Amino acid sequence: MALSTDATQLSALLAVLTQPDTEAIRQAEVALKPLLKDPRCVPALVEILKSKDTQTPPVRHIAGILLRKRLPGHYGKFDLPTKTALKTEILAILSSEPERTVRNGVVGVAASLAKLECTAGGTSWPELFQFIAAAAAADAQQAEARELAFWLLQEMTDTIGMHLKDQFQPICGLFSKALVPNEDAKVQKAATKALGQLLSFLADEPEVDVFAGLIPPILQVAAQQRSDEELLSTVLDVLYDLAYSPSPAVTQHLIPMVQFGLECIKLQDLEMGVRDSAALVIATLAEAKPKTFGKEEALVAQVLEVLFGLIENSPDSAAGALFESNPAWREDLENDEDGDFDPDELDSPTETSMAQGTLDMLACELPKKYIFSPAVTRCVQRLSSPQPNHRKAGIAGLGVIAEGCSEPLREHLDELMPHVLQASRDGDPQVRECACFCLGQISEHCQPEVLAYSEQILPIVFGLLDDQSVAVQATSCYVLEMFCERLEPDAVRPLLDSLVKKLAAMLESTNKRSVQEMAVAALAATAVAAEEEFTPYVGGVATLMTKCMAVTEERLFSLRGRALECMGHMAIAVGRETFRPYFQATMECACEGLTRDSTDLHEFAYAVFANLAKVMKEEFAPALPELVPHLVQVIGTDEGQLEPAEDAEKGGQFNAFDDSDGEDEEGGNYVLHVRTALLEVKKGAITAVGEMAAHTGGQFCPHLESVMQVLQKAATNWHPLIKSEVADALPNLVVPSVAAHHNGELQWTKGDVSGASPMSEHTSAVVAAVLLELMALMKDDDKTTVAKACEGVQSVIELCGPHSFMPIAQQCMQNTHELLTKTAPCQAADELYGEAPEDDDDHDIVTQAACDLVGGFCRVMGAQFAQYLPQFLPAVCDYAKSSRPPRDRSMAIGWLSEVAQELQGSIFEHWQSVFLPAVLGGLGDPSEDVKRNAAFCAGVCCEHLRERVADSYPQILQALEQLFQIDPNATEAAAACVDNTAACVARMIMASPTHLPMPQVLPAVLKLLPLKTDMTENETVYTCLLGLLQMNQPDAIAQKAEFRRIFSEATAAGSKVEPEIQEKLKHALPGLQ
């Protein structure tokens, strides 16, 4: 049958599009555009599709694509009979078209028609579903018909998900019949892809439950066709989308989902990208369902075995995690190993990086009660193996889990450090390298406990600096950086001279950027540790840094940035006077870096501005007029931008003929590209402007308005990194106003709002604006942001007093109570995903910040806060239960101490019901930190309630008795516990001496003195002892020799007792002869 005139004209032009002639194609496209704007093109294109005897498959294929593209613009112009005829024609073509490519195109047309029918309030085209059902039920010989049914369902995903929920049950039945072992592989694949797309679409909807039962059949089909990487990738994408589904029906399949991911990871023949996607699924399931995942003990064990096996059997460096983020360092690592570096491999995952990344996620996300023990057990088992690759995996694994499991790792450091130190002396270089990496991770994440090993760690690391391996050298510098940051001058002093000279020599002698950068970072950390004792080295190190800061090669910008960072750290170490000669040159280098197109240099510059503002204070102020406007501009920059989508993202070929047809340029296809590097730069700019506000005094005031405005905008940023930094910076904006209008200090009285506010009009306005933003951030859904907002509110109200707090008091207390009871927005997500709070959940930064904020309420409101105690006491004391983790229990008891200190006698009505039971329970707690806080709390309560609680003294003393037996030399926590025990009894004596059996108690307390670690209690203890002597208390006079010993030790050279107290003790010593 001959084509109509319209169809003939279109057919000729479509044929040109199939020819390899660019100019002819261009002319044909120009000629086609006006024709396709005419609704008559629709029946003409249908004619072409039907003419399989006269039109070639390529022409008909293009006709199908163009028909799909033009239908949305023309369909509404047709009358009902025309629409009905069109739908009938399309079904007829689908049922008879022999060419697979053409049939695929017509599937798209049918899906488009179905969508138009549903969105235009049509009939939903029931004939299409009858067609699909019939095709899906076709007999065994008609596999292509069954495949076609699922192609249609896949193309119609959005329409089905949004408009056809009443068809879910029959559609589910179609899928279940196709996902059986004896079905044709092509049909299985089509059904899997269609169902997978629908599951992804419905992942967050309640209706996903209808299809969730088909997850196991999907996994079985994918496992059956595991050589099909496209199918595996599709299924893994679906599992990733389902990970955060709140549906319990999805969550119940977590085990097979994880096991499928594991099987993919283990398949050596699979492309690494697919295996890495499988690892991402496991990591995401751990992140989304941490408790559900963690409770499956056998599953966790299975995953860990696979991950450790990958690290064992891979030849890659297991210490390479340190190098992953820096391509230049990875180049050093590759060249060091074989000299054959392929830049294209930089972004490719390896078995080791995949395993370590997944292990890191498990350690960070799963509750520590589920992940720590099985992970550490596997590490220790491998460390005793005779096989070096097993030892490598063991020590590398320990390093990887150090961040996520830092809390339990700190508690077990005594058991684990011997293994780490032994591995650092291993005969195998890869084991030594991993031991070095592990030492760095432990040094970074297990502070301050790891500092007790300084005498063992520093010489080992010092020796490893001479290792032949570049990776070991660089990693050794990283260990020094992490370790030295928190060291006291005393600890670094013995090695200081040799350390500085060694690092300086390394910096000058090597051309490896990784070693150079880490040597600079280690020098910076050494300076911070040495403090003023670094002064003799400032000139020499500054000369070295000046050379590095002068580099202009783009590939060396990170080294230049590290040198700039080192100058900032030296400034903090040695102080303003010593650093002043280098201030101007450092500032000039940082500012010059801002003129270069390097986010790295900008980030380092903002960090050095922050540090120099801290050190130079008002001397930094002349730079404000130039720097603050620049920082405001950076903070206000949009880190995401709309860019034209790639052709592949715009829906395939022939986009020139889309329905928009260029008539609405604004409505084109665009995607949001987020420049993640700019996020870090913006974060650095916010930090810098916050530190400038905090430290340059009243001279920052002219910039407050512009900074406030840009921070208000940034507070609504989509990224938690920015919001949390804003929460950190906002409180600092109050400081310049207080400096300018109140000479740096506001005078206020606890709980007194009866008179006029002590705040100036300017300060009141700044405080109100800052607190308004912080209150909004307390309701954010990101926990870190909320915690920072709580800290910010606390710092502002403690600086400015009760008048600043009153306008927000009710709302702020409500927000805080919600956080303590875990009903705030940032905690709601846990329950949404089926992860309800449990008593033994890991300690939470939000809870800690909220608890501290309530302590701030007490400091500002004083006795006025007593009326709110019935509301807050149960909320906080819930964390003191024995089922809670130690840090929760310690936090709760510590908070009670703060309340007692600030509210004093106002707590009496809660003594018997709350404070005394909490104190007695805390004193019997297995954790020394909890015991310590309980001893402090008991002492403070006795100090302020005096004789009113004297009848409880026998119970308290009995509970304290076991604390007298603790060995203060065992750990720092033990020493602190003993110190607080002594201080507690001292407070009890001063409050009501007649209610203690002094002949028994005083000698026992004196044996604990002088204090070992908690020097804040010196005043309490020595005030008590001096008071007893002044009273000529008989039991004190009988212990003169002990008093003399204690006072002599407390006044000896090197004593950490405050000079004023020492003077009093020295004055008392002659009377003790």
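Colleague: Buried means under 20% relative accessible area, exposed means over 50%, and partly exposed is in between, using a 1.4 Å probe and protein chains only. On that scale, is F857 buried or exposed?

Modeller: F857 has 0% relative accessibility, so it counts as buried. This is a predicted model, in which local features need pLDDT of at least 70 and side-chain atom pairs count only at pLDDT 80 or more, while totals for chains, interfaces and linings use all residues. Residues are numbered from 1 along each chain as its sequence is written, and side-chain values use heavy atoms, leaving out hydrogens and water.

Colleague: Fine. How many aromatic pairs are there?

Modeller: The count is 14 aromatic pairs. Rings of Phe, Tyr and Trp (its six-membered ring) pair if their centres lie within 6.5 Å; planes under 30 degrees apart are stacked, over 60 edge-to-face, and the rest tilted. One of the pairs is F857 with F865, which is tilted, with 6.1 Å from centre to centre and 50 degrees between the planes.

Colleague: And F865, buried or exposed?

Modeller: F865 is at 0% relative accessibility, so it is classed as buried.

Colleague: What is the geometry of Y1022 and F1047?

Modeller: Their ring centres are 6.2 Å apart and the planes stand at 70 degrees, so this pair is edge-to-face. It links distant parts of the chain: Y1022 is in helix α52 (residues 1018-1030) and F1047 in helix α54 (residues 1040-1051), 25 residues apart. Helices here are DSSP runs of H or I with at least four residues, strands are runs of E with at least two, and both are numbered from the N terminus. Y1022 and F1047 are both buried.

Colleague: Back to F857. Which residues form an aromatic cluster with it?

Modeller: F805, F865, Y868 and F872 join F857 in one aromatic cluster.

Colleague: Different topic. How do α1 and α2 cross?

Modeller: The axes of α1 (residues 5-17) and α2 (residues 22-36) come within 9 Å and cross at roughly 145 degrees. Axes are lines fitted to C-alpha atoms, for helices over the stretch in contact, and angles run from 0 to 180 degrees between N-to-C directions. The crossing is left-handed, meaning that the near helix is turned anticlockwise from the far one by less than a right angle; clockwise would be right-handed.

Colleague: Which residues meet there?

Modeller: On α1 they are Q9, L10, L13, L14, V16 and L17, and on α2 they are A24, I25, A28, E29, A31, L32, L35 and L36. By class, twelve are nonpolar, one is polar and one is charged. Contact means heavy atoms within 4.5 Å. Ala, Val, Leu, Ile, Met, Phe, Trp, Tyr, Cys and Pro count as nonpolar, Asp, Glu, Lys and Arg as charged, and the others, Gly among them, as polar.

Colleague: What does UniProt annotate at residues 416-452?

Modeller: The unreviewed UniProt entry gives "repeat: HEAT" for that span. UniProt positions are in the numbering used here, feature names are shortened, and annotations may be inferred rather than shown by experiment. In the model the span is 68% helix and 0% strand, with its end C-alpha atoms 13 Å apart.

Colleague: Any odd backbone spots?

Modeller: Most residues other than glycine have a negative phi, and most peptide bonds are trans. The Q447 to P448 bond is cis, with omega near 0 degrees, and P448 sits in the loop between α26 (429-445) and α27 (454-464). L1009 and P1010 are also joined by a cis bond, with omega about 0 degrees, and P1010 is in the loop between α51 (998-1006) and α52.

Colleague: And what is the phi of K617?

Modeller: K617 has a positive phi of about 50 degrees although it is not a glycine. K617 is in the loop between α33 (599-616) and α34 (624-636), and is partly exposed at 33% relative accessible area. N1032, not a glycine either, has a positive phi of about 55 degrees. N1032 is in the loop between α52 and α53 (1034-1038), and counts as exposed at 53% relative accessibility.

Colleague: Last one. Where is L627, and what does it touch?

Modeller: L627 is in helix α34 and is buried, with a relative accessible area of 3%. Not counting residues up to four places away in sequence, L627 touches M587, C591, L594, F609, F620 and M692.
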